[in-house]
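Hi,

Here is the structure I said I'd send over. Have a look at it first, and then read on for what I found.

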Amino acid sequence: MPHYFYGMELDAVREIRPVSEALAWIGSPQTLFAVLLQCWSAETCAPRLRDGWSKEDPTRGQCSVTAFLVQDIFGGKVFGVLREGGNYHCYNVIGDCVFDLTDEQFGGEKLDYTVGIEQQRETHFAREEKRLRYELLRQRVLGFCRKTEENNV
């Protein structure tokens, strides 16, 4: 089953490029999404959602660590939609372009991205377990890309 993210089909998302020349190999959020599908795991999933994480539902519990990684690579801001239970589901906004690499975890539910509240890295990463999950995901993405580059040389 092919995976999908909110905004994937938008021309504006396809045109987003990394802010650093060193990360130019990533190309676009679509390319990063394909890499993330290889890097997400139960270890990078939010602890409260780990029981439901699977390779069939790889975006489950990955929103904040993914959104801040996207911000590092492409710039922009991280916003969050308040969910039942008081947690925020994080997504990215670059200019007028809204996209969410982890919305697939909600199945067919349509999130209202017009009511998002800007999220701060310091607030999210004040929780050490979240910061460590982010660092693990970041290492995996960069490692995956190093392997790809070595194989293409």
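Which residues does serine 28 touch, not counting residues up to four places away in sequence? Before you look for them, keep in mind that this is a predicted model. The list is Val13, Arg14, Ile16, Arg17 and Phe74. Serine 28 sits in the loop between helix 1 and helix 2. Its relative accessible area is 9%, so serine 28 is buried, the cut-off being under 20%.

Stay in that loop for a moment, since proline 18 is found there too, between helix 1 (11-14) and helix 2 (29-39). Proline 18 has 16% relative accessibility, so it also counts as buried. Along the chain, proline 18 and serine 28 are 10 residues apart, and their C-alpha atoms are separated by 7.1 Å. If you leave aside the neighbours within four places in sequence, proline 18 is in contact with Leu23, Ala24, Ile26, Gly27, Ile73 and Phe74. Phe74 is worth colouring in your viewer: it turns up in the contacts of proline 18 and in those of serine 28.

Now for the helices. Two packed helices are described by the angle between their axes and the distance between the axes. For helix 2 and helix 3 (residues 63-74), the angle is about 135 degrees and the axes are 12 Å apart. That angle makes helix 2 oblique to helix 3. Their crossing is right-handed. So who meets whom? From helix 2 come Pro29, Leu32 and Leu36, and they meet Thr66, Leu69, Val70, Ile73 and Phe74 of helix 3. Sorted by type, the residues of this contact are 7 nonpolar and 1 polar, with no charged ones.

While you are on helix 2, click on leucine 37, which has its place there. With a relative accessible area of 25%, leucine 37 is partly exposed, because buried would need a value under 20%. Not counting residues up to four places away in sequence, leucine 37 touches His3 and Pro58. Leucine 37 and lysine 55 are 18 residues apart in sequence, and their C-alpha atoms are 8.5 Å apart in space.

Next comes the loop between helix 2 and helix 3, where I picked out serine 41 and aspartate 57.

Serine 41 has 10% relative accessibility and therefore counts as buried. Which side chain does the side chain of serine 41 make a polar contact with? The partner is arginine 140, at 2.5 Å. Leaving aside neighbours within four places in sequence, serine 41 is in contact with Trp53, Gln62 and Arg140. Glycine 95 makes a useful contrast: serine 41 and glycine 95 are 54 residues apart in sequence and 30 Å apart in space, C-alpha to C-alpha.

Is aspartate 57 buried or exposed? It counts as buried, because its relative accessibility is 15%. The side chains of aspartate 57 and arginine 60 are joined by a polar contact of 2.9 Å. Beyond its neighbours within four places in sequence, aspartate 57 is in contact with Gly52 and Gln105.

If you want a place to begin, try Phe74: find it in helix 3, where it takes part in the contact with helix 2, and then look for serine 28, which touches it.

Cheers

Definitions and conventions. Residues are numbered from 1 along each chain as its sequence is written. This is a predicted model: local features need pLDDT of at least 70, side-chain atom pairs count only at pLDDT 80 or more; totals for chains, interfaces and linings use all residues. Side-chain values use heavy atoms; hydrogens and water are left out. Helices (H or I, at least four residues) and strands (E, at least two) are DSSP runs, numbered from the N terminus. Buried means under 20% relative accessible area, exposed over 50%, partly exposed in between (1.4 Å probe, protein chains only). Contact means heavy atoms within 4.5 Å. Axes are lines fitted to C-alpha atoms, for helices over the stretch in contact, and angles run from 0 to 180 degrees between N-to-C directions. Angles under 35 degrees count as roughly parallel, over 145 as roughly antiparallel, 65 to 115 as roughly perpendicular and the rest as oblique. A crossing is left-handed if the near helix is turned anticlockwise from the far one by less than a right angle, and right-handed if clockwise. Ala, Val, Leu, Ile, Met, Phe, Trp, Tyr, Cys and Pro count as nonpolar, Asp, Glu, Lys and Arg as charged, and the others, Gly among them, as polar. A polar contact is a pair of N or O atoms within 3.5 Å; within protein, one must be able to donate a hydrogen and the other to accept it, and residues adjacent in sequence count only if both atoms are side-chain atoms.
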